[in-house]
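Thanks for coming, everyone. Please have a look at the sequence and the structure on the screen, and then I will talk about how parts of a protein meet and how charged side chains pair up.

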Amino acid sequence: MDFELTPEQKAFFNEVKEFAAREIAPYTEEYDRRGEFYWEGWRKMAAMGLLGLPFPEEYGGSGAGALDTAIAMDAFGAGGGDAGMSLSWGAHTIIGAIPIWVMGNEEQKRKYLPPICSGEKISCFALTEPDAGSDAASIRTTAVRQGDYYILNGTKMFITNGPIADICIVLAVTDKEKGGAGISAFIVEKEFEGFEVSRELDKMGNRTSPTAELAFNDCKVPVENRLGEEGEGFYGVGKATLEWERAIMVAPAVGGMEANINRCIQYARERKQFGKPIGKFQAVAFKIAEMKCLLDAARLLVYRVAWMKDQGIPAMLEACVCKLFVTEAAFRVASEAVQIFGGYGYIREYPVERTLRDAKLGTIGAGTSEIQKLIISRILLGKL
Ligand SMILES: Cc1cc2nc3c(=O)[nH]c(=O)nc-3n(C[C@H](O)[C@H](O)[C@H](O)COP(=O)(O)OP(=O)(O)OC[C@H]3O[C@@H](n4cnc5c(N)ncnc54)[C@H](O)[C@@H]3O)c2cc1C
């Protein structure tokens with residue numbers, strides 16, 4: 001067992017961390033306030049090769065493994081990189097593109113992956129609906145085959161990148177008698193007739209990552225845009241992405257914890273009350289010690305799943321453990337950071353209040369904490 005990153009991986013971590021600190025972090029407050037996507041930052045992320053990291057070079061990617069992708073995402077957060085940008089990055093590169101890479105045929109991969117890797121086109125993933133969140137297999141959007149097309153009808157809710165996406169992976173019911181096995185996946189382009197961004201949603205956190213409700217009204221999708229076979233969408237996409245989504249995609253939260261702890265260390269050294277730095281009070285110092293424990297455990301859980309993925313070892317249980325622990329830890333760290341900053345922590349001039357708003361999403365999106373506990377306990381207990 002080896003817990004050390006290679007010198008190349010350490011250099012890569014530092015490179016991405018410095019990039020995030022220089023090119024992204026200084027603009028976050030302004031864009032968060034406006035609730036706007038930071039296009040210039042996105043283009044810089046694309047130019048750095050971050051958007052296509054895991055994909056083979058023949059499709060325009062960098063051929064990085066899951067571990068190197070996790071390292072980049074962790075480093076982005078550690079450099080103070082905006083959580084909204086990393087959410088959009090994950091929705092684009094992970095849930096918005098890995099299904100194409102894993103389930104797509106050669107033609108689909110050649111057509112869609114290169115512009116996703118270069119950032120020329122933005123991708124998103126649409127499963128959730130107004131009445132189907134945790135119970136994702138209960139979606140109602142339908143896809144009815146008519147000759148060379150499928151006709152999609154329904155509404156998707158809370159779709160990250162929805163307002164700016166060119167490409168959307170959409171899950172829809174092709175056979176309602178079969179439950180999850182009757183759901184198929186489609187690659188929908190924003191120009192397709194009947195596709196509409198019906199509503200942009202305003203959020204408490206991750207405000208630089210645009211979110212939308214999407215409407216499909218007799219949306220015409222060519223048969224060649226179906227991913228995999230009919231009925232393979234729900235379980236196929238789940239198999240392709242869940243470990244990525246529940247471990248690699250939460251890596252920015254790990255780096256975010258590191259950034260928050262560093263802010264707290266600096267503040268605890270500088271802020272004086274009762275004639276001494278507040279870091280001298282055990283109540284404050286112990287918070288920082290506890291935050292560091294959460295950070296180290298979270299990082300190990302992310303890197304373990306990433307390593308397992310690179311070895312081809314199934315990691316569903318480990319990924320759910322990772323998602324649950326990392327997102328709850330990130331929220332706890334952000335909350336304690338606000339506490340250490342006291343009144344200033346609650347004021348928008350300081351970044352810690354934003355990290356608390358941002359971190360809350362982690363415990364909701366991609367399967368809530370309750371759903372992770374449900375899966376973990378079901379795997380452990382088996383059928384009772
Ligand atoms: C900002 C944002 C971005 C998102 N991005 C995307 C995206 O890009 N694509 C996409 O498809 N979806 C996306 N989602 C949707 C997200 O995955 C869902 O919000 C999430 O899965 C929860 O579903 P829900 O909101 O319908 O909550 P519900 O499922 O209605 O849950 C409500 C509450 O009930 C609890 N609950 C539900 N069922 C159970 C149970 N069986 N046992 C115990 N507790 C239970 C939940 O844990 C939660 O506390 C996004 C959501 C947000 C807020």
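Between domain 1 and domain 2 the count is 1 salt bridge, and I should say straight away that we are looking at a predicted model. That salt bridge joins the side chains of K111 and E189, with 3.3 Å from N to O. As a general point, side chains of opposite charge can pair when their charged atoms come close. Across the same interface of domain 1 and domain 2 there are also 12 residue pairs in polar contact.

Which elements give two or more residues to the side of domain 1 that touches domain 2? They are α1, which covers 7-34, α4 at 83-95, α5 at 98-103 and α6 at 106-118, and it is α4 that gives the most, with 8 residues. Sorted by class, this side of domain 1 has 14 nonpolar, 8 polar and 6 charged residues.

Let me step back to the division of the chain, which has domain 1 at 7-118, domain 2 at 123-231 and domain 3 at 237-381. The contact between domain 1 and domain 2 takes 28 residues from domain 1 and 20 residues from domain 2, while the C-alpha centres of these two domains lie 23 Å apart. The size of an interface is often given as the accessible area lost when the parts come together. For domain 1 and domain 2 the buried area is about 1900 Å², and carbon and sulfur atoms give 60% of that.

Now to the whole structure, where a search finds 30 salt bridges. One of them is between the side chains of E106 and R110, at 3.1 Å from N to O. These residues are 4 residues apart in helix α6, so about one helical turn separates them. E106 is partly exposed, with a relative accessible area of 38%, and R110 is likewise partly exposed, at 47%.

A second pair with about one helical turn between its members is E353 and R357, which are 4 residues apart in helix α11, residues 352-362. Their side chains meet in a salt bridge at 2.8 Å, N to O, and are these residues buried or exposed? Both E353 and R357 are buried.

The side chains of D202 and R207 also form a salt bridge, at 2.9 Å from N to O, but here D202 is exposed, at 70% relative accessibility, whereas R207 is buried, at 17%.

Finally, salt bridges can be followed through a network that links K17, D74, E258 and R299.

Definitions and conventions:
Residues are numbered from 1 along each chain as its sequence is written. This is a predicted model: local features need pLDDT of at least 70, side-chain atom pairs count only at pLDDT 80 or more; totals for chains, interfaces and linings use all residues. Side-chain values use heavy atoms; hydrogens and water are left out. Domain bounds come from an automatic or database domain assignment. Contact means heavy atoms within 4.5 Å. Buried area is the accessible area (1.4 Å probe) that two parts lose on being put together, summed over both. A salt bridge is a side-chain nitrogen of Lys or Arg within 4 Å of a carboxyl oxygen of Asp or Glu. A polar contact is a pair of N or O atoms within 3.5 Å; within protein, one must be able to donate a hydrogen and the other to accept it, and residues adjacent in sequence count only if both atoms are side-chain atoms. Ala, Val, Leu, Ile, Met, Phe, Trp, Tyr, Cys and Pro count as nonpolar, Asp, Glu, Lys and Arg as charged, and the others, Gly among them, as polar. Buried means under 20% relative accessible area, exposed over 50%, partly exposed in between (1.4 Å probe, protein chains only).
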